[in-house]
Amino acid sequence: HYERNLWYNDFINCVCPGGDSVYELYNRVRPAFEKIIADNPGKTVLVASHATPIRLMLTHFAGKPIGESNNTPWPENASVTVVDCFADGTYKIILSAYNEHLKSQKLFAEAD
């Protein structure tokens with residue numbers, strides 16, 4: 001239960017058994033995103049990912065310290081996030097965890 005508690009209460013320092021810490025994951029994912037951005041100036045690019053890297057990058061794109069990832073909401077599975085990336089290294093989150101397309105297809109159960 002230690003890992004589960006850590007996952008919910010200290011997300012960034014959580015280490016999945018036999019795997020990387022979330023912080024190590026961020027240190028792998030961020031350079032990959034930065035390379036995609038650098039290699040595609042002015043282009044629209046689709047990146048498909050799991051929720052944890054999206055959550056980490058949303059924290060980064062918002063200009064917050066990565067340790068604040070616990071405060072970044074989880075994106076829903078198959079949701080859409082749109083971020084404008086600027087040449088000066090800044091970002092603007094246009095859309096985060098958009099899931100209306102899932103609701104219209106009855107693929108997402110809204111909370112009661």
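How many helices and strands does the protein have? In this predicted model, the count comes to 4 helices and 2 strands. Followed along the sequence, these elements come in the order α-α-α-β-β-α. Laid along the principal axes, the C-alpha atoms fill a box of roughly 45 × 35 × 25 Å.

As for confidence, the mean pLDDT of the protein is 89, and 96% of the residues reach 70 or more. Going element by element, β1 comes out on top with a mean of 96, while α1 sits at the bottom with 78.

Turning to the surface, the accessible area of the protein adds up to about 7,900 Å², and carbon and sulfur atoms hold 53% of that. Of the 112 residues, 23% count as buried. The protein carries 10 positive and 13 negative charges, and the mean positions of the two sets lie 4 Å apart. Among contacts with a separation of 6 or more, 39% link residues that are 24 or more positions apart.

Now to the inside. The largest nonpolar core is made of 13 residues, and Val-22, Leu-56 and Met-57 have the most contacts within it. At least two residues of this core come from each of α2 (22–39) and α3 (51–61). The biggest share is that of α2, which puts in 5 residues. Leu-56 gives a good look at the packing: setting aside neighbours within four places in sequence, Leu-56 touches Phe-11, Ile-12, Val-22, Leu-25, Tyr-26, Ile-66 and Ser-69. One of these partners, Val-22, is itself among the residues with the most contacts inside the core.

What about α3 as a whole? This helix is mostly covered, with 9 of its 11 residues buried. The buried set runs beyond the core residues Leu-56 and Met-57 and includes Thr-52, Pro-53, Arg-55, Thr-59 and His-60. Packed against the buried residues of α3 are α1 (2–9), α2, β1 (80–85) and β2 (91–98). After the helix comes Gly-63, which has a positive phi, near 80 degrees.

Thr-52 is a handy example from α3. Its relative accessibility is 13%, so Thr-52 counts as buried, the cut-off being under 20%. Beyond neighbours within four places in sequence, Thr-52 is in contact with Trp-7, Phe-11, Val-22, Leu-25 and Trp-74. Phe-11, Val-22 and Leu-25 turn up in the contact list of Leu-56 too.

Two other positions are less covered. Ala-32 belongs to helix α2, and here the relative accessibility is 39%, so this residue counts as partly exposed. Between the C-alpha atoms of Ala-32 and Trp-7, which are 25 residues apart along the chain, the separation is 24 Å.

Asp-10 sits in the loop that runs between α1 and α2. Is this residue buried or partly exposed? With a relative accessible area of 29%, Asp-10 is partly exposed. Leaving out neighbours within four places in sequence, its contacts are with Asn-5 and Asn-70. Another pairing spans 61 residues of chain: the C-alpha atoms of Asp-10 and Asn-71 are separated by 10 Å.

Terms used. Residues are numbered from 1 along each chain as its sequence is written. This is a predicted model: local features need pLDDT of at least 70, side-chain atom pairs count only at pLDDT 80 or more; totals for chains, interfaces and linings use all residues. Side-chain values use heavy atoms; hydrogens and water are left out. Buried means under 20% relative accessible area, exposed over 50%, partly exposed in between (1.4 Å probe, protein chains only). Contact means heavy atoms within 4.5 Å. Accessible areas come from the Shrake-Rupley method with a 1.4 Å probe; for residues, only the protein chains shown count as cover. Lys and Arg count as positive and Asp and Glu as negative; His and the chain ends are not counted. The place of a charge is taken as NZ of Lys, CZ of Arg, CG of Asp or CD of Glu. A nonpolar core is a set of buried Ala, Val, Leu, Ile, Met, Phe, Trp, Tyr and Cys residues joined through side-chain atoms within 4.5 Å. pLDDT is the predictor's confidence in each residue, from 0 to 100.
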